[in-house]
Amino acid sequence: MNPEQPDYLQGLNPEQLSAVLHEGGNLLILAGAGSGKTRVITTKIAWLIRERGFAPESILAVTFTNKAAAEMKERACRIEPACERANLRTFHSFGAWLLRRNADLAGIDKNFTIYDDDDSAALVRAALPSLARPEATRLAHAIARAKDYSLDPDSPDLGAFKGFSDFRRCYAEYQQRLRATGNVDFGDLINLPTRLLEENEAVRRRLHDRFRVILVDEYQDSNVAQFRLLKALAGPEAYVCVVGDDDQSIYRFRGAEVQNILSFPDIFPNTATIRLERNYRSYQSILSIATSVVEKNEGRLGKVLRAERTGGGKPQLAVLANQNEEAAYCIRIIDKHLRNGGSFSDVAILYRTNAQSLAFERAFPPAGLPYRLVGALRFYEREEVKDILAFLALVSNRRDEIAFRRIINKPVRGIGDSSVELIIEEAFAQNQDFVSAAAVVKMKTAKGRAGAAAFTAFIDDLSARFEQNLESLARLVEHCAKESGLLEYHRGQDEIAGSQKVSNIDELINAASDYPATRDGLSAFLEAVELDRAMASGEVLQDAVTLITMHNTKGLEFPVVIITGMEQGLFPRDNEEGEELEEQRRLLYVAMTRAKNELYLTYCRNRLFRGRIMDYPPSRFLAELPAGSYETTGGKLNLAVSAAMATWKRGMNVYHDDHGSGQILAVKDAGEAGVCLVVRFETGRQLQFFPKYTSKLEVLKNNDF
DNA sequence: CAATTCGGGATCTGC
DNA sequence: TCCCGAATTG
């Protein structure tokens, strides 16, 4: 330890210190889980400002989640308050920031709103009415992936996106329709700034001149489009530092490209590489079991994590009957933790899908457990929020087709599908916005006429209120909720369904109070809601258990972690093989390495799924864990079944020595006997087999699994 | 033409 | 269970 170093550099280990003090070329930090990378980044930002004289405004740090961005800002400001003025954002938030300031040059409306995946799918349906909904969703998904790879409709590489008869034309149609609305989707938030930088020298110079330091956290989850933006943004003078861990790459499904981290030193010359392999977070027993998971993967750089903390017990696996017992088990763990002097906020309950939170949300309040639900609001909860936002979006931009379609007849005002299409066509034909078109088009019924008049008058009234600038934004949003009739409408829905829509609207109104009642304030508010799904989800409880998806835990840590739902078919899903399966292993690795002191896993023998009780064998990941790496409570596990379930799947084509070709109709848990297969052969016969006892059955190669 | 009802089919992760 | 789309009724 060097006594001449400033206080905030004391306590860094040699690798961390060299990462903070590195200058000159570019820097790649390969940082294992819990190796203190956030500390390195925040310390580095503070050091650059304090010791190296960088203006805070010249520093850009991007992360992947809002939670991580907020935490980074808080920790950096704690060391050096001037960090408040540095640009610490998510990639998408940075893209939106850049586009708002250069909207004219990028060819879009300054008050653009951001289309999420649902909006994009709705736009695909509007542009291509012949598509059924599932197909439109798949197409929207494929377009989003193309944008992740920075591919335009005329890019020659689009051939990789198969599965649609005319993908190029559909993509082009979508893109044209999107530009007509004046709005952007998530992919545009990355690609439009890149294009602006690449094509406009003045903008490029200005930004190169401004950003002298660019840091990227969770770099293993960047996609090709983000890599290209980073390249375009980094001027010849810029210092680029990226931090990542290939074992924690968990967003391949949305275009993340591990190649970015491997090729970084080739693209950014004079790159030094520093590895952080000392883990300060978890006990060795937790690191060992986590490492044993990713060791099963083939394509990895490979690194050794060493625990700096000694002690700690073995991870526990609980075998439980169903999701209610699972919630009860979690309550017992939390109670025990509290009795030992811990607090609610020490505990996180992790799951693979958001739908799994429901059992905990039901079981916790009666047990007196406060909880905080992190991340995605479920769709039905968002419905009413999006309705209100659609009115506001229309005030912001009257060409917003999806917002218009969403609320033109909600609550019902006698304007049916055919009338809506009439208005849309009129708007396109006359090149005018949808609200004006609604005022002009002749409705076919008296009800429709009255409805359209009331609608346009209401939008005009809302717009006027923004111009007058008399009320706060929260009051304007409240006015909108009441006078649109949506509040009443959703109150009725609440009474029918017992839902919480009105209180969600109240939360939305509260969230608006942080923004000024101007058009720019409205745009900022809409952007924040779109980019931060957690924002409108309610007040932050002081001390509460965290309910969170495994994906959302990236970058977080908790003294006690319970990973729930270790069932084959849920985690991993049965169709996940190869690269996808490896990604799921990395996800489990991420989940396990969030735990500081105690790690629990739960497996439920059956689970309520789509209103039905379904049997599940244990996750194949449990079968992969070394025998002594954890302790089991609550019952014996039949891991033979999960291994067999991984081999035999419903729908597979099989061949039997005696009966010929056939297809698997069902795979049943047969306990000690492994699995029982129900097979229908081409001869029409339907028979059952136990693969454990016969070798006459084999999997045919022509399966899509 | 608009609004409601009923039956079949689906399944995640997130900026 | 929930949601979509076809079919039916007002």
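The following legends describe close-up views of a predicted model of a protein with DNA strands B and C. Local features are restricted to pLDDT of at least 70 and side-chain atom pairs to pLDDT 80 or more, whereas totals for chains, interfaces and linings use all residues. Residues are numbered from 1 along each chain as its sequence is written, chains are lettered from A and ligands numbered from 1 in the order in which they are written, and side-chain values use heavy atoms, with hydrogens and water left out.

**Figure 1. Surroundings of DNA strand B.** DNA strand B is surrounded by 27 residues (a residue is near a strand if one of its heavy atoms lies within 4 Å of it). The closest are Arg352, Ser419, Thr549, Phe609 and Arg610. By class, this surface comprises six nonpolar, 12 polar and nine charged residues; Ala, Val, Leu, Ile, Met, Phe, Trp, Tyr, Cys and Pro count as nonpolar, Asp, Glu, Lys and Arg as charged, and the others, Gly among them, as polar. Helix α19 (residues 417-430) gives the most to the surface, with three residues. Helices (H or I, at least four residues) and strands (E, at least two) are DSSP runs, numbered from the N terminus.

**Figure 2. Polar contacts with DNA strand B.** A polar contact is a pair of N or O atoms within 3.5 Å; within protein, one must be able to donate a hydrogen and the other to accept it, and residues adjacent in sequence count only if both atoms are side-chain atoms. An N or O atom in the side chain of Ser419 is 2.5 Å from a phosphate oxygen of DNA strand B. Base oxygens of the strand are approached by a polar side-chain atom of His551, at 3.2 Å, and by a polar side-chain atom of Arg610, at 2.6 Å. Among the atoms of DNA strand B within 4 Å of the protein, 46% belong to sugar or phosphate and the rest to bases.

**Figure 3. Surroundings of DNA strand C.** Arg125, Arg133, Arg610 and Gly611 are the residues around DNA strand C. This surface has no nonpolar, one polar and three charged residues. A side-chain N or O atom of Arg125 is 3.1 Å from a phosphate oxygen of the strand, and a backbone N or O atom of Arg133 lies 3.0 Å from a phosphate oxygen. Of the DNA strand C atoms within 4 Å of the protein, 62% belong to sugar or phosphate and the rest to bases.

**Figure 4. Packing of helices α6 and α7.** Helix α6 (residues 117-127) packs against helix α7 (residues 133-148) at an angle of about 115 degrees, with their axes 8 Å apart. Axes are lines fitted to C-alpha atoms, for helices over the stretch in contact, and angles run from 0 to 180 degrees between N-to-C directions. In α6, Ser120, Ala121, Val124 and Arg125 meet Arg133, Ala136, Thr137, Leu139, Ala140 and Ile143 of α7 (contact means heavy atoms within 4.5 Å). The contact of α6 with α7 has six nonpolar, two polar and two charged residues.

**Figure 5. Packing of helices α1 and α2.** The axes of helix α1 (residues 14-21) and helix α2 (residues 37-50) come within 9 Å and cross at roughly 40 degrees. The two helices are therefore oblique to each other; angles under 35 degrees count as roughly parallel, over 145 as roughly antiparallel, 65 to 115 as roughly perpendicular and the rest as oblique. Gln16, Ala19, Val20 and Leu21 of α1 meet Val40, Thr43, Lys44 and Trp47 of α2. These contact residues divide into five nonpolar, two polar and one charged.

**Figure 6. Packing of helices α21 and α22.** Helix α21 (residues 446-468) and helix α22 (residues 473-483) have axes that come within 11 Å and cross at roughly 170 degrees. They are therefore roughly antiparallel to each other. Phe458, Asp461, Leu462, Arg465 and Phe466 of α21 make the contact with Leu473, Leu476, His479, Cys480 and Glu483 of α22. By class, the contact has six nonpolar, one polar and three charged residues.

**Figure 7. Backbone geometry in three loops.** Most residues other than glycine have a negative phi, and most peptide bonds are trans. Lys410 and Pro411 are joined by a cis peptide bond with omega about -5 degrees, and Pro411 is found in the loop between α18 (401-407) and α19. The peptide bond from Phe571 to Pro572 is also cis, with omega near 0 degrees; Pro572 is in the loop between β15 (558-563) and α26 (578-592). Glu218, although not a glycine, has a positive phi of about 50 degrees and is found in the loop between β6 (213-216) and α11 (224-233).
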